[in-house]
Amino acid sequence: MNGDISHASQMIREQLAARDVPVQRILMVCLGNICRSPSAEGVLHAALAHHWLGKCIELDSCGTSDWHVGEPPDRRAIVHAAKRGHDISGLRARQLAVSDFSDFDLILVMDDANLANVTALAPADSPALICRLLDFLPSPLPALAEGSREVPDPYIGGADAFERVLDLIDSACAELILLLASQGQSHSGHAPRGQM
């Protein structure tokens with residue numbers, strides 16, 4: 001097991017466990033909000049519904065840039081997500097806003113550049129936990145370069161690039177769901193703040 005990845009995963013798990021209330025709002029972030037983050041929103045949406053958490057946790061996605069504001073996800077992202085049963089065609093891109101840092105409990109970014117940009121914008125008193133989506137992986141995957149915790153941007157790639165992105169997102173969301181489910185059980189006395 002790669003020590004760097006396992007250490008990051010353990011730190012995130014400890015920070016979530018230390019919360020007084022369960023995570024109720026999650027934001028997925030990439031560069032343009034047309035490939036990776038809407039795909040991640042679609043995958044996690046389905047996983048939450050499957051585990052009966054859909055009414056307890058709200059989801060959204062956005063981009064750090066304003067390049068595609070108002071646009072639907074990339075056609076290829078829509079097609080490949082649909083092959084796995086996820087309909088993301090109704091999503092529309094928006095840019096990360098300062099209000100997101102108070103509106104969301106957990107902000108999950110796709111790569112290191114996203115992490116740097118989001119962290120730089122975050123107010124000093126932001127209660128949101130910010131990390132990479134792949135930080136939830138307890139060990140590295142064969143598809144990733146040694147030590148990498150990035151979901152690669154498939155925009156200039158082909159079908160394989162979009163499938164790889166979904167594979168990585170699926171793996172990370174499966175781990176995240178386990179944590180959210182256990183967190184919900186330990187805070188069962190709290191009512192959800194909203195629903196999807």
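This short presentation describes the sheet, the helices packed on it and the nonpolar cores of the structure shown above.

Good morning. Please keep in mind throughout that this is a predicted model.

I shall begin with the sheet. Four strands make up an open sheet, and their order across it is S2-S1-S3-S4, with parallel pairing. At the edges lie strand S2, residues 58-63, and strand S4, residues 129-132, each of which pairs on one side only. On average, neighbouring strands are turned by 20° against each other, if direction is ignored. As general background, strands of a sheet pair through backbone hydrogen bonds, in either a parallel or an antiparallel manner.

Let us look at one pair in this sheet. Strand S1, residues 25-30, joins S2 in the parallel sense through six bridges. Which residue of S2 is the bridge partner of cysteine 30? The partner is glycine 63.

Two helices deserve attention here. Helix H2, residues 36-50, packs on the sheet and touches S1 and S2, its direction making about 170° with that of S2. Helix H5, residues 112-121, also packs on the sheet. H5 touches S1, strand S3 (106-109) and S4, and its direction makes about 165° with that of S4.

I now turn to H2 itself. Does its length agree with, or depart from, what we should expect? At 1.5 Å a residue, its 15 residues should span 21 Å, and the end C-alpha atoms are indeed 21 Å apart, so the two values agree. H2 is also mostly covered, since eleven of its 15 residues are buried. Among the buried residues are Arg36, Glu41, Val43, Leu44 and Leu48. Just after the helix, tryptophan 52 adopts a positive phi of about 60°.

Finally, the interior. In soluble globular proteins, nonpolar side chains tend to be buried together. In this model, the largest nonpolar core holds 34 residues, and those touching the most other members are Ile26, Leu44, Leu106, Leu108, Leu133 and Phe136. Helix H1 (3-17), S1, H2, S3, S4 and helix H6 (159-186) each supply at least two residues of this core. H6 gives the most, with ten residues.

Isoleucine 26 serves as an example. Leaving aside neighbours within four places in sequence, its contacts include Leu44, Ile57, Leu59, Phe104, Leu106, Leu108 and Leu180. Glu58 and Asp60 are also in contact with isoleucine 26. Apart from the largest core lies another, of eleven residues, including Leu27, Val29, Cys62 and Val118.

Thank you for your attention.

Note on methods. Residues numbered from 1 in each chain as written. Predicted model: local features only at pLDDT ≥ 70, side-chain atom pairs only at ≥ 80, totals over all residues. Heavy atoms only, no water. Pairing = 2+ DSSP bridges. Axes fitted to C-alpha atoms, helices over the stretch in contact; angles between N-to-C directions. Contact = heavy atoms within 4.5 Å. Core = buried A, V, L, I, M, F, W, Y, C linked by side-chain atoms within 4.5 Å. Buried < 20%, exposed > 50% of the residue type's maximum accessible area, 1.4 Å probe, protein only. Expected span 1.5 Å × (residues − 1).
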